[in-house]
Amino acid sequence: MGNWKVGLCSPGGCLNDWRLCLVTYLCPLHTFGMAAEKSFDRGDGIRCITLLNVPFINYVLLPCWRSKIRSAKGVSGNFFFDCLATYCCTCCSIYQAGVESGMDGKDEIEKLCKMVKEGVSGFDPKKEAKKSQK
């Protein structure tokens, strides 16, 4: 078994892929879900993102998710440290798992921008305001 590609709370690791670090800091759910998509073969990204938004379930889900990625990528460690890492350094541990699963910051920014554009295309605030007044 090996080590993580980047250390937890490692400034050098964050500077190597500053785009992924920025996406993780601003939108950790995106990195969380995409790392699950890349690491697991069942397409669990959306399910993971949905469950992470449920209070108290996220306290169980984050260490389990990190442990699964660690096991899938052959990284040594234990569940106790997964709990400590996700509770104390949530964004850093999500970034670390994203790097381990092979995410690239430039690609993720493009995907995120594309999803946001698709989500807001055709949105007209004036029409929505009129709908709400009816």
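**Reasoning from values to labels**

User: In this predicted model, why is Leu 26 called exposed?

Analyst: Leu 26 has a relative accessible area of 63%, and since exposed is the word for values over 50%, the residue is therefore classed as exposed. Its place in the fold is helix 2, which covers residues 18-26.

User: What makes the nonpolar surface patch that includes Leu 26?

Analyst: The patch is made by Trp 18, Leu 22, Tyr 25 and Leu 26, and it amounts to about 510 Å².

User: Why does Leu 84 count as partly exposed?

Analyst: The relative accessibility of Leu 84 is 37%, and because partly exposed is the term for values between the limits of 20% and 50%, that is the label Leu 84 receives. Leu 84 sits in helix 6, residues 79-88, and its C-alpha lies 49 Å from that of Lys 130, although the two are 46 residues apart in sequence.

User: How do you know whether Ser 101 is buried or exposed?

Analyst: Ser 101 has a relative accessibility of 7%, and as buried means under 20%, Ser 101 counts as buried. The residue belongs to the loop between helix 7 (90-100) and helix 8 (105-120), where, once neighbours within four places in sequence are left aside, Ser 101 is in contact with Ala 35, Lys 38, Ser 39 and Lys 73.

User: How many aromatic pairs does the structure hold, and why is the pair of Phe 32 and Trp 65 called tilted?

Analyst: The structure holds 1 aromatic pair. The ring centres of Phe 32 and Trp 65 are 4.4 Å apart, with the planes at 40°; because pairing requires centres within 6.5 Å, and an angle that is neither under 30 nor over 60 degrees falls into the remaining class, the pair is tilted. Phe 32 lies in helix 3 (residues 28-39) and Trp 65 in helix 5 (residues 57-72), so the pair ties together parts that are 33 residues apart in sequence.

User: What makes Phe 32 and Trp 65 count as buried?

Analyst: Phe 32 has a relative accessible area of 0% and Trp 65 a relative accessibility of 2%, and because the label buried applies under 20%, Phe 32 is buried and Trp 65 is buried as well.

User: How do you know that the span of helix 8 agrees with its number of residues?

Analyst: Helix 8 has 16 residues, which at 1.5 Å a residue should span 22 Å, and because its end C-alpha atoms are 23 Å apart, the two values agree. Just after helix 8, Gly 122 takes a positive phi of about 85°.

Technical notes:
Residues are numbered from 1 along each chain as its sequence is written. This is a predicted model: local features need pLDDT of at least 70, side-chain atom pairs count only at pLDDT 80 or more; totals for chains, interfaces and linings use all residues. Side-chain values use heavy atoms; hydrogens and water are left out. Helices (H or I, at least four residues) and strands (E, at least two) are DSSP runs, numbered from the N terminus. Buried means under 20% relative accessible area, exposed over 50%, partly exposed in between (1.4 Å probe, protein chains only). Contact means heavy atoms within 4.5 Å. Patches are made of residues with over 30% relative accessible area and no salt bridge: like charges are joined within 9 Å, nonpolar side chains (Val, Leu, Ile, Met, Phe, Trp, Tyr) within 5 Å. Accessible areas come from the Shrake-Rupley method with a 1.4 Å probe; for residues, only the protein chains shown count as cover. A salt bridge is a side-chain nitrogen of Lys or Arg within 4 Å of a carboxyl oxygen of Asp or Glu. Rings of Phe, Tyr and Trp (its six-membered ring) pair if their centres lie within 6.5 Å; planes under 30 degrees apart count as stacked, over 60 as edge-to-face and the rest as tilted. The expected span of a helix is 1.5 Å times one less than its number of residues.
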